[in-house]
Amino acid sequence: MTSATTSPSADGLWTGLRLAPGAAPGTTLDAGTEAAIAVAEGTIRWAGARSALPAEFAGLPLHDGGGALATPGLVDCHTHLVYGGQRANEFAMRLAGASYEEVAQAGGGIVSSVRATREADEEALFAQAAPRLEQLLADGVCAIEIKSGYGLALEHERKQLRVARCLGEAYGVTVRTTFLGAHALPPEYAGRSGEYIDLVCNEMLPALAAEGLVDAVDVFCERIAFSLAETEQVFQAAKAMGLPVKLHAEQLSDMGGAALAARYGALSCDHIEHLSAEGIEAMRQSGTVAVLLPGAYYTLRDTHLPPIEALRAAGVPMAVSTDHNPGTSPALSLLLMMNMACTLFRLTVPEALAGVTVHAARALGLQKTHGAIAEGMPANFVLWNVRDAAELAYWFGQRPVRSVVRQGRIAVGATR
């Protein structure tokens, strides 16, 4: 691994590029027009047709893009990357006919990952998570969300969030941490969900927020998890601390969670296979992003599609993410998720690309720093050895990355 401190600076003029449609807001180039990106002090200073390059950037050191397609750095806006163990046995159970709920009722599911996570120390959790992160970064990811939720006790939730912060520092990638203490009911609180939610709101969240470990707050609102009232209690606690909220919403049933989340100005509602028309309208009004998670849909062999056409008609922005987790989406490729979003959910290629860039950035509150190649934004972009943006969603099993610039440094493929 090349650390963030040893990666070379991306400052200079990146030439020989083709800008993907929508990559640079306000810039539309004819097919075949050579583009350039000027970077200084880790920040994008200009992007557009090479022939229109301002004179002030003409003397910058050159980086040859070799005719590559340029897109913003990808954003994986929903992951559970830090956890102990794995759950391949539950995959086998589902193949034998067990439902998601039956696996959970048999003592599997989230609680099994809780046991393994509690048994691991921070060093072990980092060692397990690092190779997963490296796989995602190899696909051009420049920002990632990492949730807690496999500790379900203050000391163990703290471990997960601290490891998430350390991963960002070690790999020079933007990491947004989300506190998901209300992910499942820990065994020691069986039958006492109200008491556990009180613990989440009154002890765990205040302590972790005070330590600077929480960027957002999430809840799993579902029959096998937490009720609408319990979800709102967590949202109220987050609001009191000035923290944005997100929600695992309407994955297995219509709980009305999306409408509730929208009332609290949620950054995103995620999964949303059973999202209602009322939920869509509430999200439209609040500007909440719909995060599509085709990896979980595929792994669970779900057949209830998210209401893509209704979201599209309402103008609700749709993001796409891996939902990397050990139980229902052990996915380590955001490009594969683009393919699945297109083939399973029938997103168009422009929708899928926006889903892993501009809309995914918005789902994390990062729209001012990620998701676009724009003047004044930190340099986070990817150069791809493909002829057309459709190839990013077309191939699976191929990694066509030529160069990755993250946080103003060349993480992959330095060419000068």
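**Figure 1. Who sits around Ile 373 in this predicted model.** Skip the neighbours within four places in sequence, and Ile 373 is in contact with Leu 19, Ala 23, Ala 24, Pro 25, Ile 37, Ile 44, Ala 47, Ala 70, Thr 71, Pro 72 and Phe 381. Ile 373 also belongs to the largest nonpolar core, a set of 115 residues. Along with Trp 14, Ile 37, Leu 167, Phe 179, Phe 381 and Trp 384, Ile 373 touches the most other members of that core. Another core, of twelve residues, lies apart from this one, and its members include Cys 77, Val 289, Val 291 and Leu 364. As a bit of background, nonpolar side chains in soluble globular proteins tend to be buried together.

**Figure 2. Helix α7, residues 228-240, from end to end.** Start with a quick ruler check: at 1.5 Å a residue, the 13 residues of α7 should span 18 Å, and the end C-alpha atoms are indeed 18 Å apart, so the two agree. Just past the helix, Gly 242 takes a positive phi of about 75°.

**Figure 3. The two sides of α7.** Which residues of α7 are buried? They are Glu 230, Thr 231, Val 234, Phe 235, Ala 237 and Ala 238. Looking down the axis of α7, these buried residues fall within an arc of 160°, so they line one face of the helix. Turned away from that buried side is a face with the exposed residues Ala 229, Lys 239 and Ala 240. The cover over the buried residues of α7 includes the strands β7 (174-182), β8 (216-219) and β9 (246-249), plus the helices α6 (193-210) and α8 (257-263).

**Figure 4. Asn 339, a residue of helix α12.** Helix α12 runs over residues 334-345, and Asn 339 lies in it. Is Asn 339 buried or exposed? Its relative accessibility is 8%, so Asn 339 counts as buried. Leaving out neighbours within four places in sequence, Asn 339 is in contact with Ala 393, Tyr 394 and Phe 396.

**Figure 5. Stepping back to the chain that holds these close-ups.** The chain has 15 helices and 15 strands. Its radius of gyration is 21 Å, close to the 22 Å that the globule rule gives for 416 residues, so the chain is as compact as a globular protein of that length. Along the principal axes, the C-alpha atoms fill a box of roughly 70 × 45 × 45 Å. Of the 416 residues, 57% count as buried. Among contacts between residues at least 6 apart in sequence, 71% join residues at least 24 apart.

Methods: Residues are numbered from 1 along each chain as its sequence is written. This is a predicted model: local features need pLDDT of at least 70, side-chain atom pairs count only at pLDDT 80 or more; totals for chains, interfaces and linings use all residues. Side-chain values use heavy atoms; hydrogens and water are left out. Helices (H or I, at least four residues) and strands (E, at least two) are DSSP runs, numbered from the N terminus. The expected span of a helix is 1.5 Å times one less than its number of residues. Buried means under 20% relative accessible area, exposed over 50%, partly exposed in between (1.4 Å probe, protein chains only). The arc is that of the directions from the helix axis to the C-beta atoms. Contact means heavy atoms within 4.5 Å. The radius of gyration is taken over C-alpha atoms; the globule rule is 2.2 Å times the number of residues to the power 0.38. A nonpolar core is a set of buried Ala, Val, Leu, Ile, Met, Phe, Trp, Tyr and Cys residues joined through side-chain atoms within 4.5 Å.
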